[in-house]
Amino acid sequence: MQSWYLEATKLKAKYESLQRTQRHLLGEDLGPLNVKELQNLEKQLEGALALARQRKQQILTEQMEDLRKKERHLGDLNRHLKLKLEAEGQNLKAIQDYWNSGAADESSNFHLHRAQSSQMDCDPGPVLQIGYHHYVPAEGSSVSASKSMPDETNFFQGWIL
């Protein structure tokens, strides 16, 4: 029992010492410290600050190097895309020049239609309409009669095939 009591007393003293040291490192409760203790505390804080600054500098250097690598990669990608865009622009210009020169009219079976001077000059011709049309049965016939007729053109009511 007595050994447990001594152990508990030692641990309690150690705990209180660590709390006091923590308060000192945080700049609290510095009144009872003498000059030598304050100088030791200052050295500890300067050492910790130097380590923190060193680690911060290392992280910033690594981030800068990563950003430089990304910058070089994006620069290379930008140059590649610029060359590709210029090549495609030259191809487009060549095609436009070919069509504008009229060479396509001579070598093609397809002729370009010129725009009409007005809408009234346009002859629309026959129109093919595909899609849903409302079915209207012929006069004198009923819906049931149209379904039973084999030569009827409507497969479903309302759809014209």
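# Briefing on an all-helical predicted model

Lys93 and Asp97 are joined by a salt bridge in which the closest N and O atoms are 3.3 Å apart. The two residues stand four places apart in helix α2, which means that about one helical turn separates them. The structure is a predicted model, and its protein chain contains four helices and zero strands. The points below take up the chain as a whole, then the first two helices, the loop between them, the charged pairs and a nonpolar patch on the surface.

**The chain as a whole**

- Read from the N terminus, the elements of the protein chain follow the order α-α-α-α.
- The protein chain has 161 residues, and buried residues account for 6% of them.
- The accessible surface of the protein chain is about 15400 Å², and carbon and sulfur atoms contribute 58% of that area.
- When contacts in the protein chain between residues at least 6 apart in sequence are considered, 17% of them link residues at least 24 apart.

**Helices α1 and α2**

- Helix α1 covers residues 2–25, and its 24 residues, at 1.5 Å a residue, should span 34 Å, which agrees with the 35 Å that separates its end C-alpha atoms.
- Helix α2 runs through residues 35–101, and for these 67 residues the expected span at 1.5 Å a residue is 99 Å, which agrees with a separation of 96 Å between the end C-alpha atoms.
- At the start of α2, the backbone nitrogen of Lys36 has a side-chain oxygen of Asn34 within 3.2 Å.

**His24 and its surroundings**

- His24 belongs to helix α1, and it counts as buried because its relative accessible area is 11%, which is under the 20% limit for that class.
- Once neighbours within four places in sequence are set aside, the residues in contact with His24 are Asp29, Leu30, Leu33 and Leu41.
- One of these contacts, Asp29, lies in the loop between α1 and α2, so the surroundings of His24 in helix α1 include a residue of that loop.

**The loop after α1**

- Gly27 follows α1 and has a positive phi, near 85 degrees.
- Asp29 also has a positive phi, of about 55 degrees, although it is not a glycine.
- Most residues other than glycine have a negative phi, and this is the background against which the value of about 55 degrees at Asp29 can be read.
- Asp29 is partly exposed, since its relative accessible area is 40%, and besides its contact with His24 it forms a salt bridge with Arg23.

**Charged pairs**

- Four salt bridges are found when the whole structure is searched, and three of the pairs are described here, with Lys93 and Asp97 among them.
- Side chains of opposite charge can pair when their charged atoms come close.
- In the salt bridge between Arg23 and Asp29, the closest N and O atoms are 3.8 Å apart; Arg23 is partly exposed at 30% relative accessibility, and Asp29 is partly exposed at 40%.
- The side chains of Glu65 and Arg72 form a salt bridge with an N to O distance of 3.6 Å; Glu65 is partly exposed at 34% relative accessibility, and Arg72 is partly exposed at 47%.
- Returning to the pair in helix α2, Lys93 counts as partly exposed because its relative accessibility is 48%, and Asp97 counts as partly exposed because its value is 39%.

**A nonpolar surface patch**

- Leu74, Leu77 and Leu81 make a nonpolar surface patch of about 280 Å².
- Leu81, one of the residues of this patch, lies in helix α2 and is partly exposed, because its relative accessible area is 46%.

Notes: Residues numbered from 1 in each chain as written. Predicted model: local features only at pLDDT ≥ 70, side-chain atom pairs only at ≥ 80, totals over all residues. Heavy atoms only, no water. Buried < 20%, exposed > 50% of the residue type's maximum accessible area, 1.4 Å probe, protein only. Contact = heavy atoms within 4.5 Å. Areas by Shrake-Rupley, 256 points an atom, 1.4 Å probe, with all protein chains shown as cover. Expected span 1.5 Å × (residues − 1). Polar contact = N/O pair within 3.5 Å; in protein donor to acceptor, adjacent residues only side chain to side chain. Patch = residues over 30% accessible without salt bridge, like charges linked within 9 Å, V, L, I, M, F, W, Y side chains within 5 Å.
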